[in-house]
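Here is a short note for a colleague opening this structure for the first time. Please read the points below with the view in front of you.

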Amino acid sequence: GCFECCIKCLGGIPYASLIATILLYAGVALFCGCGHEALSGTVNILQTYFEMTRSAGDVIDAFTMIDIFKYVIYGVAAAFFVYGILLMVEGFFTTGAIKDLYGDFKITTCGRCVSAWFIMLTYIFMLAWLGVTAFTSLPVYMYFNLWTICRNATVVDGANLCLDLRQYGIVTIGEEKKVCTSSDSFIKMCDSNELNMTFHLFIVALAGAGAAVIAMVHYLMVLSANWAYVKDACRMQKYEDIKSKEEQELHDIHSTRSKERLNAYT
């Protein structure tokens, strides 16, 4: 009895939704954790090697934008933690093994609307994560250029290469913030572990955003399959109701005729 109960419980787990949820949590954790630390490392690099300072007042500068991105990361982590739980609950309620274990439940129009609503939300979130992935690739490209300059400076002797933050839109055109290979600050930056660590953190954050996109696609497949399952179950339920009603009517007709024959005989 205990073995059969365990088999039923294991059979009631929506494994497709579980895999998608694990992939979503892993991707969001990598994106939020590594992205947050990479932004903090970027602040230290800008302040230490590019000699940038925070602007006084309510002026929106690079440091203010980085703080905004950090708060966005906090919101993304909390929102998708809750959304993953909701999708798992939806997967449990649309698993056939749960219906076999606890008995069939009446599929209402509300249940179908909830499934359709989740499909629409997941599609929107998939598009949003595609945008986040594209946006995360920008700092990876910037740090790759910086890493390439550091590498070329050690390979080519006498080369004076410079990195100007104005070409990336980090500072305004009138504000010159650049470092060249001939300066001591550039050599210290290339030799520091902070640059290498921040670069790799952004790469891992990009991989996490890509994993979240894959999880959203997986969820779309699972939700579409659940939608088809609920729709077919609803049709089957209507068929069973009609069949039961017809059988009841036939039984009533048969009972009525039997009574009439009995009355005629008596």
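1. Start with residues 71-93. In this predicted model, the span is 100% helix and 0% strand. Its end C-alpha atoms lie 34 Å apart. These residues belong to a UniProt listing, in an unreviewed entry, under "transmembrane region". The annotation may be inferred rather than shown by experiment.

2. That UniProt listing also gives residues 114-138 and 201-229. Residues 114-138 come out as 100% helix and 0% strand. From end to end, C-alpha to C-alpha, residues 114-138 cover 37 Å.

3. Now the overall plan. The chain has seven helices and two strands. Read from the N terminus, the order is α-α-α-α-α-β-β-α-α. The chain holds 266 residues, and 34% of them count as buried.

4. Look next at the surface. Which residues make the nonpolar patch of about 550 Å²? They are F81, V82, I85, L86, V89 and F93. V89 sits in helix α3, which runs over residues 62-93. Is V89 buried or exposed? Neither label fits: V89 has a relative accessible area of 38%, so it counts as partly exposed. Buried would need under 20%, and exposed over 50%. Patch residues must have over 30% relative accessible area, so the 38% of V89 passes that cut-off.

5. Turn to the largest pocket. Its space comes to about 910 Å³. The lining has 35 residues. Closest to the pocket centre are L39, F69, F135, P139 and F202. Which elements give two or more residues to this lining? They are α2 (15-48), α3, α5 (109-155) and α7 (193-265). The top contributor is α5, with eleven residues.

6. Check C34 in helix α2. Its relative accessibility is 15%, so C34 counts as buried, the limit being under 20%. How far is C34 from V204 in space, C-alpha to C-alpha? The distance is 6.6 Å, although 170 residues separate C34 and V204 in sequence.

7. C150 is a second cysteine to inspect, this one in helix α5. C150 has 10% relative accessibility and is therefore buried. Along the chain, C150 and D191 are 41 residues apart. Their C-alpha atoms are separated by 8.8 Å.

8. Finish with L223, which is found in helix α7. Why is L223 called buried? Its relative accessible area is 2%, and buried means under 20%. L223 and G91 lie 132 residues apart in sequence. In space, the C-alpha atoms of L223 and G91 are 8.0 Å apart.

9. To recap, keep three items in view. One is the nonpolar patch that includes V89. Another is the largest pocket, to which α5 gives the most lining residues. The last is the set of pairs set out above, among them C34 with V204 at 6.6 Å and L223 with G91 at 8.0 Å.

How values were computed
Residues are numbered from 1 along each chain as its sequence is written. This is a predicted model: local features need pLDDT of at least 70, side-chain atom pairs count only at pLDDT 80 or more; totals for chains, interfaces and linings use all residues. Side-chain values use heavy atoms; hydrogens and water are left out. Helices (H or I, at least four residues) and strands (E, at least two) are DSSP runs, numbered from the N terminus. Patches are made of residues with over 30% relative accessible area and no salt bridge: like charges are joined within 9 Å, nonpolar side chains (Val, Leu, Ile, Met, Phe, Trp, Tyr) within 5 Å. Accessible areas come from the Shrake-Rupley method with a 1.4 Å probe; for residues, only the protein chains shown count as cover. A salt bridge is a side-chain nitrogen of Lys or Arg within 4 Å of a carboxyl oxygen of Asp or Glu. Buried means under 20% relative accessible area, exposed over 50%, partly exposed in between (1.4 Å probe, protein chains only). On a 1 Å grid over the protein atoms alone, a cavity is a set of points where a 1.4 Å probe fits but cannot get out, and a pocket is an open set with protein on both sides within 12 Å along at least five of seven lines; lining residues have an atom within 4 Å of a point. Grid points are joined across faces, edges and corners, and a volume is the space filled by probe spheres set on the points.
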